[in-house]
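Good morning, and thank you for joining this session. I would ask you to look at the model on the screen while I speak.

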Amino acid sequence: MDSHIHGSSISFFIVFTLFLSLSSAALPRHPKPISPKSNSSAQIHSNSVLVALLDSHYTELAELVEKALLLQTLEQAVGQHNITIFAPRNEALERQLDPEFKRFLLEPGNLKSLQTLLMFHIIPKRIASDQWPKDSGSGRHRTLCKNEHLHLSSKESGNKAVDSAEVVRPDDVIRPDGLIHGIERVLIPRSVQEDFNRRRSLRSISAVIPEGAPEVDPRTHRLKKPAPAVPAGAPPVLPIYDALAPGPSLAPAPAPGPGGPRHHFDGESQVKDFIHTLLHYGGYNEMADILVNLTSLATEMGRLVSEGYVLTVLAPNDEAMAKLTTDQLSEPGAPEQIVYYHIIPEYQTEESMYNSVRRFGKVQYDTLRLPHRVVAQEADGSVKFGSGDSSAYLFDPDIYTDGRISVQGIDEVLFPVEELEKKATPVVKAAVKPRRGKLMEVACSMLGTLGQFSSCQ
């Protein structure tokens with residue numbers, strides 16, 4: 001009996017072992033995990049890095065991703081593995097790209113080039129800032145483009161770089177299925193560059209504008225040196241009125257330091273440039289003379305621009321300045337007050353001011369002459385400043401615009417409304433007839449009855 005039970009148990013064990021071996025042979029050795037996102041009909045999670053990209057401050061890149069019809073491709077990539085996106089700043093896509101190259105990318109026939117450019121910024125692997133390669137040998141990573149790689153490196157200063165672009169916002173957006181690093185410029189693969197050059201029939205052209213490229217002023221035909229961009233958080237903390245120097249009755253305006261205390265702008269050179277532009281433009285010599293010789297406002301404006309402030313100058317032409325009387329300019333501090341009333345502590349162009357008055361009717365602009373303001377409104381298809389006889393029209397628009405200083409020519413000199421009302425209503429002294437006393441009147445009447453005096457004067 002025991003031997004029968006023992007034999008049956010051995011046979012059962014043998015059959016069970018054979019069953020397991022057959023089952024293991026039928027199944028794959030390394031089963032691939034099934035992700036819920038791998039199904040094409042499944043929707044992407046709201047916490048995905050793609051959703052974060054579309055809602056982030058990288059709006060230009062998100063807009064290009066939608067135009068390139070890459071959302072479904074990126075959803076499949078996210079469903080298979082984590083991704084790392086190197087997102088250029090909006091400024092890099094708006095200003096640093098050659099306009100013809102951007103137009104080339106947005107043409108319907110160049111959709112493949114646009115897709116290649118965007119997928120060149122994505123690595124199918126999660127690489128956080130603490131996982132950045134220290135040496136240059138292990139920093140080569142494959143992108144979503146075929147046969148295209150990105151080289152990750154670390155500089156001696158500690159900053160991280162992707163090819164020729166520096167990482168300015170590491171780990172800017174972190175999500176479970178990927179992350180986004182902010183970079184300073186657009187990465188352009190060689191295939192897209194060659195395709196663009198082939199279309200232009202120019203082999204040596206570069207898609208990115210060189211940083212040191214000279215710019216020519218179309219009005220003066222002279223080279224101008226644009227100021228470098230202000231870093232994040234660099235705008236002045238104090239309002240411009242607190243940064244102004246004391247009035248001429250207290251102390252002269254202090255001379256600005258080289259490049260200003262923040263070393264972001266060379267305001268003195270920019271003010272000299274716009275004054276030279278006024279002289280070369282013609283018809284604004286009197287305004288330039290007041291800024292340089294009659295007052296120290298050119299020095300004051302250079303100091304303000306060096307510290308990061310922006311200014312819009314409403315410059316009266318020579319015909320308008322010739323109407324000023326000697327009395328208006330001879331009073332202490334009068335030239336400074338006149339020019340202060342023509343300086344707006346904002347950066348306005350003809351287009352921005354005209355759009356404002358078209359939309360809102362009347363717009364009040366603050367001036368450097370507190371608390372007076374300049375009122376602007378639409379008139380005859382242009383911008384009209386002031387009211388009544390002292391109104392001035394925008395005569396020569398955009399004489400000088402460099403992003404920090406804007407000069408708009410007008411055909412009259414503006415004065416605050418309060419000063420005009422004082423000049424319009426002169427003070428008249430009323431002649432008061434002297435009142436004689438009652439006793440004097442009685443004495444005069446008595447002398448008159450006696451015939452001593454015919455009248456009492």
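I shall discuss three helix packings, a pocket and the cavities, in an order that follows shared residues.

Please note at the outset that this is a predicted model.

Let me begin with helix α10, residues 267–281, and helix α12, residues 297–306. Their axes lie 7 Å apart, and the packing angle is about 130 degrees. Angles that are neither under 35, nor over 145, nor within 65 to 115 degrees count as oblique, and α10 is therefore oblique to α12. The crossing of these two helices, α10 and α12, is right-handed. On the α10 side, the contact is formed by Gly267, Glu268, Gln270, Val271, Phe274 and Ile275. On the α12 side, the participants are Ala298, Met301, Gly302, Val305 and Ser306. Sorted by class, the contact of α10 with α12 comprises 6 nonpolar, 4 polar and 1 charged residues.

Helix α10 has a further partner, namely α11. Here the axes come within 8 Å and cross at roughly 150 degrees. Since an angle over 145 degrees counts as roughly antiparallel, that description applies to α10 relative to α11. The handedness of this crossing, α10 past α11, is left-handed. Phe274, Ile275 and Leu279 of α10 meet Asn285, Ala288, Leu291 and Val292 of α11. The class count for the contact of α10 with α11 is 6 nonpolar, 1 polar and no charged residues. Phe274 and Ile275 thus appear in the contact with α12 and also in the contact with α11.

Which elements give two or more residues to the lining of the second largest pocket? I take the pocket itself before the elements. Its volume is about 260 Å³, and 17 residues line the second largest pocket. Lying nearest its centre are Lys272, Ile275, Leu291, Val292 and Ala298. The elements in question are α10, α11, which spans 285–294, and α12. Of these, α10 gives the most to the lining, with 6 residues. The lining of the second largest pocket divides into 8 nonpolar, 6 polar and 3 charged residues. Several names recur here: Ile275, Leu291 and Val292 belong to the contact of α10 with α11, and Ala298 belongs to the contact of α10 with α12.

I turn now to another part of the chain. Helix α3, residues 59–67, packs with helix α7, residues 111–119, at an angle of about 135 degrees, and their axes are 10 Å apart. At that angle, α3 and α7 are oblique to each other. The crossing of α3 and α7 is left-handed. Leu61, Leu64, Val65 and Lys67 of α3 make the contact with Leu111, Leu114 and Leu118 of α7. By class, the contact of α3 with α7 holds 6 nonpolar, no polar and 1 charged residues.

Finally, the cavities. How many of 30 Å³ or more does a search of the whole structure find? The search returns 3. The largest cavity holds about 50 Å³ of space. Its lining consists of Leu53, Leu61, Val65, Leu74, Ile85, Leu118, His121 and Ile122. By class, the residues lining the largest cavity are 7 nonpolar, 1 polar and no charged. Leu61, Val65 and Leu118, which line this cavity, are also among the residues of the contact between α3 and α7.

That concludes the presentation, and I welcome discussion.

Note on methods. Residues numbered from 1 in each chain as written. Predicted model: local features only at pLDDT ≥ 70, side-chain atom pairs only at ≥ 80, totals over all residues. Heavy atoms only, no water. Axes fitted to C-alpha atoms, helices over the stretch in contact; angles between N-to-C directions. Helix = DSSP H or I, 4+ residues; strand = E, 2+ residues; numbered from the N terminus. Left-handed = near helix turned anticlockwise from the far one by under 90°. Contact = heavy atoms within 4.5 Å. Nonpolar A, V, L, I, M, F, W, Y, C, P; charged D, E, K, R; others polar. 1 Å grid on protein atoms, 1.4 Å probe; cavity = no way out; pocket = protein on both sides within 12 Å on 5 of 7 lines; lining within 4 Å. Points joined across faces, edges and corners; volume = space filled by probe spheres on them.
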